[in-house]
Structures are given as C-alpha cells and as structure tokens.
Amino acid sequence: MAKLKIGGTWAGVIEVVLEEWTVPMLRIEVAKRSNCGPESINLICAGKVLRDGDGTEKLAQLGVKNNARILASRGSIEEGKSLEEGLLAEEERSRRLSRVKAAATALAKRHADGSLPVEDFNIEVEDQSGQIVQLGSETDQRAVMMGLMLHANGKQLIRSENYKDALEVLTMGEEAFSLCNPKVIELIDNVPILQMDMVWCYFMLRDIRWLSVAGARLEKAREGIERAHGKDYSRVRLLQAGRHPELAIHLRLELLEGVVAYHNGEFDRSRKALTSAHAKYFQLQVPDEALSLVMSMGFKERDAKRALRMSNQDVGSAVDFLVEEKAKRAQKREEDIRRRTEIMEQKRYGMTPSKKAVDLNKLNELVSVGFEKELAAEALRRNENDFEKALDNLTDPAANSAIQVDIESRKRKRTRQASETAIEQLVRMGFERSRAVAALQAGGTIEQAMHQLLSQSDSNPTVGADNSANSSAPILPDASGSSNDVGGPSTASEAEERDAEMEDALAGELAKGDALTDYDIEVTNEGEAINEYLALLESAGNSVEASRQ
C-alpha cells in the first residue's frame, strides 16, 4: 500500500494501491472525506491536474508515487474545467515557444553554413537596398539569421496583441544576436529596434516591474539607433534616397523614454520626450487629399499610407517609392524562381562530405572551359568545392575515369531503386510480382505498366486477384537518392526530422517582410499613449501648483 498526503478541502493520509487505483476512485474517496460531491473536487499533483481520462489509467501510470502530496480544491465543474484548460493552455504555450526556438536554430544552422537546403528556398541576409550580405564568420551569420527570424516572429505576435509570448520570443532573439561579434552588427539597427519592441511589450502589458530594465534597454536602443542612422539621420537619409522611413521608430523611442521618465518622477525630461514624440505623431498623419490622390493612381490604401508616411507626405516621392517597391518585388520573384531552380539542380549533384551544396559558380566556370557538367559537379562535390583540386581530378585521366565510373554506377543504382519501388507499388495494388516485373521491363512509366496489367486483367479475370501471399515485404527505395550515394546524410531523412510546420511559418514571416518592415508602424496606439501621459503630466503639474498655493 502507498500513502498519499492530501491537503486542501481535507487534510490527511489516504492509503491506496497505485497500480489499481484510478483518478475517479481517488476523487470519490477525497470527496467522501470532504463531505461534498466528487464532481466538485479538483486534484493537483506535482503542478499537474489529475484528469479522469477514460477512467482506466492507474495512478502509477500517471506518475503518482508513494508519499506524493496532492492538493484537493473545491469548485464547480466549470471552475475545474477552467483550471484544467488554463494549465493545458500554458503547457501548449511552452511547447510552442520551444518549437519556435528549435525551428529558428535549425533553419539558421542549415542556411548559414552553405549546406544543401532541405527546402526549395534559401534564407539570406540582405541590406536595406536588397543586396545579399555576409556578416562576419559563419557563426556570426548564423546568429544574425536566428535573431532576425525570432524578431520577425515576435513582431507577428505583437501585431496579434499577444505581448506575453512576443516578449518570450524577442528575448530568444536578443540571446541569438548576443552570440554575434558586436563589431559585425554595430551598424545595423535590428538589435536596437528589437530592444524597443521588448520595451513596447512591457508598456502594453502595463507591467511596472520592468521599469528599471526598460530604462536600460532604451539607452542601448538609442545608442544603437544613432550609431546606425547617424545623429542627424544622415546615414539613413543617404540609404533611403532622402526619404524619412525612421520617423515612426523615433516616435516610439521618444514615447517610451517619456513613459519611463514619468514613472521615475523625471517630469521635465518626460515632457520633453513626449512633446517631441507628439510632433512626430502629427508629422506622420496622412492627409486625406494626398491619400486620395495616390490611391487614384491604382495603389492600395495601406501601401499608399505607408509610402506617404515614409516620404514626409510628399505625393511625388511617395509614388516614386511605390513604383520602386513594385519593381523590387518583381525582381525578388524572379530571383526566387532562379534560386529554386538552382537548389533543385544542386540536389541532383548531392552533398559534399561536409554536407555542403555544390558551388554553382565554380561549376559554371569548369563547364565554360569545356568539362561536362555532371562530371565537373562530381569533381567539385568530392573535393569540397575546391576548384584547383577538382580541376586536377578532371585533367588526370585516371581520376577522371574513376569519377565517370562512379557516376554511371550511381545512375544504375538509382534506376534499380526506381524499378524496385515501382514493382513494390504494383504488388501492393494486388498484381502478381512476376507480371509487374514483366510489364515494367517492357518499357514505359509505372502508369503505362499499370494500364497494361489492367488490360490483361480485363481479358483474364484471374489476373490481378489478391496475391498478397506471394508478396514479400516492400523493398523501400534508398531515401537518400543521389545524396546518399555521394556520402553524408540524405536531405530526405533530414526533412523527416525537421519541424516543417514551424520552420515554414518562420520562413514565411521573413518572406512577407522587406527592408522597411521594421519602420512600418501604425502609430494609433502610440498617439493615444502620448495623449494619456501628457494629460498625466498636466495633472501632476496642476497638483504641484495647488500645493504651493
């Protein structure tokens, strides 16, 4: 017999047989001693609600052990459900956040080190002009990629007003950026903007406990913004052809500085920051006439507002901005198609021993001097993309011959695997193995072979009957395809292990954005907050005057 220590509605010890007792049995016993109905008793052990389930699970199966402490609380059925649902929701939230971090880590690792992508896309770091950049070492690049993905996910949660989860994800992003060499990222504004987004979450959660941390974060944010944009915005103005995309960022920064100063009792400093933010707020209000004029040229309302805000309400500049953005999107689509085609080609060649993709630039260079493409790709693959070593192999008759033999051997293996797979598919459909082999050997695709077998079945009804007794276990194809033939794990097996749903969601959030997404803030909430705190300052000033009189 095991002893369970009960507390709450009734305090004492109940002896049970853990391998025999179920949760309903324990609930009835506790309810009896608590003088209430079992439906009103909630049982919690080790922070988890003990649920009835199907009523057959034993306490031992649920992890309840001898001398376990169990809290019994009384409540309505609805309250019990609410408690259980709350704990389940928290468990689900924790699982989701863990998945987000794991997916961001996996994506950054695969896409920063030149590995052959499992997906049909590449994640690359771009500057504000859309040019691909390599930031520091492979470790730096991986840290930046991970930070950017987590920041994008955090901003999506902010847009959904899920500030609690957003704060968790942004904290992960901050940790990722911290792994990068500070010199590498000191001239980009992603990190200071992330700091501001974290303080915005504090503010929207109205959690005063974060006050001191918020002040320190805002100091770092201002230093980083000024370093990236220039104190007089000269750098950002140069990068953005004289436009003003940074206004909304600076508005939010000054608002948050004003809020922190107010709660620290620094009213003059707060008023100065809030007054400056208030001026920027009015600067960002889009005139109806300008909006109507831009929309009359065929642009959507949201795009027109964004362009006008970033162009200081100048209609001509806004239209130029929209035309440029449309051209950039078209160019990006073309580049994405080209890159998907390249990835498919790289997958045909397989991975290098260190799991990298074949370098297509070096491959094209070898092809341009007369080498056959598949042969050149294999030479690069086995030599880790070392151009000189690949060239040596290709110009050495013995090495060249050995490469050709390997290529032909792999082709035969792939053909054999494809044939075995097709045979097994036909056998699983009920056709005799010998007839399936004959149909495929006659030539054509699996569809043509199936058509032939079905035609035979029509003329001979006994053919195609269930021959499962003659069927051996299916011989599954080598999941690696060409990748496994060339050494290293296959992309297919890696695809099975990845959290495709979460990784695709993170990549999708990045794909939706552009170089100016961080600057595209709808400042309605900021405007309300500015007015709220200016009113509080006015009230505080009036109180001081009244006390002096």
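# Close-up views of a predicted model

**View A. A salt bridge joins the side chains of Glu257 and Arg222, with N and O 2.7 Å apart.** A salt bridge is defined here as a side-chain nitrogen of Lys or Arg within 4 Å of a carboxyl oxygen of Asp or Glu. The structure is a predicted model, in which local features need pLDDT of at least 70 and side-chain atom pairs count only at pLDDT 80 or more, whereas totals for chains, interfaces and linings use all residues. Residues are numbered from 1 along each chain as its sequence is written, and side-chain values use heavy atoms, with hydrogens and water left out. Glu257 belongs to helix H9 (residues 247-263) and Arg222 to helix H7 (residues 211-229), so that the pair, 35 residues apart, links distant parts of the chain. Helices (H or I, at least four residues) and strands (E, at least two) are DSSP runs, numbered from the N terminus. Glu257 is buried, at 17% relative accessible area, while Arg222 is partly exposed, at 25%. In these legends, buried means under 20% relative accessible area, exposed means over 50%, and partly exposed lies in between (1.4 Å probe, protein chains only). A search of the whole structure finds 35 salt bridges.

**View B. Lys328 and Glu325 form a salt bridge within helix H13 (residues 315-349).** The N to O distance of this pair is 3.7 Å. The two residues are 3 positions apart in H13, about one turn of the helix. Lys328 is partly exposed, with a relative accessibility of 40%, whereas Glu325 is buried, at 10%. Both residues take part in a network of salt bridges that also links Arg302, Arg306, Arg309, Asp520 and Glu522.

**View C. Glu408 and Lys411 are joined by a salt bridge in helix H17 (residues 397-428).** Their closest N and O atoms are 3.8 Å apart. About one helical turn separates Glu408 from Lys411, because they are 3 residues apart in H17. Glu408 is partly exposed, with a relative accessible area of 39%; Lys411 is also partly exposed, at 33%.

**View D. Helix H14 (residues 360-368) packs with helix H16 (residues 387-395) at an angle of about 35°.** The two axes lie 11 Å apart. Axes are lines fitted to C-alpha atoms, for helices over the stretch in contact, and angles run from 0 to 180 degrees between N-to-C directions. The crossing of H14 and H16 is right-handed: a crossing is right-handed if the near helix is turned clockwise from the far one by less than a right angle, and left-handed if anticlockwise. H14 contributes Lys362, Glu365 and Leu366 to the contact, and H16 contributes Phe387, Ala390, Leu391 and Leu394. Contact means heavy atoms within 4.5 Å. By class, the residues between H14 and H16 comprise 5 nonpolar, no polar and 2 charged, where Ala, Val, Leu, Ile, Met, Phe, Trp, Tyr, Cys and Pro count as nonpolar, Asp, Glu, Lys and Arg as charged, and the others, Gly among them, as polar.

**View E. An open sheet of 5 strands runs in the order S2-S1-S5-S3-S4, with mixed pairing.** Strand S2 (12-16) and strand S4 (48-49) are the edge strands, each pairing on one side only. Two strands pair if DSSP finds at least two bridges between them. S4 and strand S3 (residues 41-45) pair in the antiparallel sense over 2 bridges, and Cys45 stands opposite Lys48 in S4. Helix H1 (residues 23-34) packs on the sheet, where it touches strand S1 (2-8), S2, S3 and strand S5 (69-74). The direction of H1 makes about 120° with that of S3.

**View F. Val23 of helix H1 is shown with its surroundings.** Val23 is buried, at 2% relative accessibility. Residues up to four places away in sequence aside, Val23 touches Leu43, Leu50, Arg51, Asp52, Glu57, Leu59 and Leu62. The C-alpha atoms of Val23 and Glu57 are separated by 7.7 Å, although the two residues are 34 residues apart along the chain.

**View G. Asn67 has a positive phi, near 70°, in a residue other than glycine.** Asn67 lies in the loop between S4 and S5. Its relative accessible area is 41%, partly exposed.

**View H. Asn385 has a positive phi of about 65° although it is not a glycine.** The loop between helix H15 (373-382) and H16 holds Asn385. Asn385 is buried, with a relative accessible area of 10%.
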